[in-house]
Amino acid sequence: VPELKNQVLLQTLNVNENSIKSLEGLACSWLPLLHTLACEKNLLESCDGLDTLDSLEMLDVGFNQISDIESLATHLVGKEHLRRLVVKGNPLVDVYIEDYSSKLVSLLPALTFVDGEQVGTGDAEKCGKPHTDNTWINTEFLEMCQTQIRLHGQLKAEFEKNIQ
C-alpha cells in the first residue's frame with residue numbers, strides 16, 4: 001500500500017489489482033474519513049492494518065487469499081459504519097460454502113450486504129464498543145475535515161462554471 005501520510009481528507013481508496021500482500025501500511029496512516037476501500041484481486045491473506053479505519057463503510061477484499069473468517073472479522077469488529085463487505089473469490093468462501101454470509105453477519109452484525117446480497121439489517125448495537133471511542137479521534141477535527149470537503153466541492157463547481 002502506498003504511503004498515505006497527510007491524506008486526512010481521503011475518502012475512497014482503490015488499490016485493486018496491485019499484487020499487494022499486506023494492508024499493514026494503512027495502520028500507520030491516519031485516515032479518519034476513509035469510507036470505501038477497494039483491494040480486490042491482490043495477494044492478501046489477512047486484513048491486518050484495518051483496525052484504525054473507523055469510518056469504513058464499504059470494504060472489497062474479493063479475489064484474494066483470505067481463508068480465515070474469524071481472523072477477517074477480528075480486524076473488522078467494532079466498525080459500526082461497515083455495511084458492505086465483498087469477500088467472493090477468497091478461499092474462505094470455499095470453506096464455508098453457502099454459510100459464509102450468515103457467519104460474517106453473526107460476527108459483524110452491522111453488515112447489511114455481503115458480496116452484493118442483502119444479508120442483515122445493520123444492527124450496529126450488537127457490534128460491541130466501536131473504535132470511534134479512541135482518544136486520537138477528535139470530533140472537532142472530523143467536523144473540520146468534512147467542512148473542508150464541502151468547501152472543496154463548492155470551489156470545484158465554481159471553477160468548472162467559470163471555465164465554461
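**Nonpolar core, sheet and confidence of a predicted model**

The largest nonpolar core (buried Ala, Val, Leu, Ile, Met, Phe, Trp, Tyr and Cys residues joined through side-chain atoms within 4.5 Å; buried meaning under 20% relative accessible area, exposed over 50%, partly exposed in between, with a 1.4 Å probe and protein chains only) has 33 residues, and Leu59, Val87 and Leu104 have the most contacts inside it. Two or more residues of this core come from each of helix 1 (69–74), helix 2 (91–96) and helix 3 (100–107); helices (H or I, at least four residues) and strands (E, at least two) are DSSP runs numbered from the N terminus. Beyond four places in sequence, Val87 is in contact (heavy atoms within 4.5 Å) with residues including Leu72, Leu92, Val93, Tyr100 and Leu104.

The structure is a predicted model, in which local features need pLDDT of at least 70, side-chain atom pairs count only at pLDDT 80 or more, and totals for chains, interfaces and linings use all residues. Residues are numbered from 1 along each chain as its sequence is written, and side-chain values use heavy atoms, with hydrogens and water left out.

Six strands form an open sheet of mixed pairing in the order 1-2-3-4-5-6. Strand 1 (12–14) and strand 6 (117–118) are at the edges with a single partner strand each, so one side of each has no neighbour in the sheet. Strands count as paired if DSSP finds at least two bridges between them. Strand 1 pairs with strand 2 (residues 36–38) in the parallel sense over three bridges, and Leu37 in strand 2 is the bridge partner of Leu13.

The chain has an average pLDDT (the predictor's confidence in each residue, from 0 to 100) of 85, and 88% of the residues score at least 70. Over residues 124–136 pLDDT stays under 50. Where pLDDT is low, the predicted coordinates should not be read in detail.
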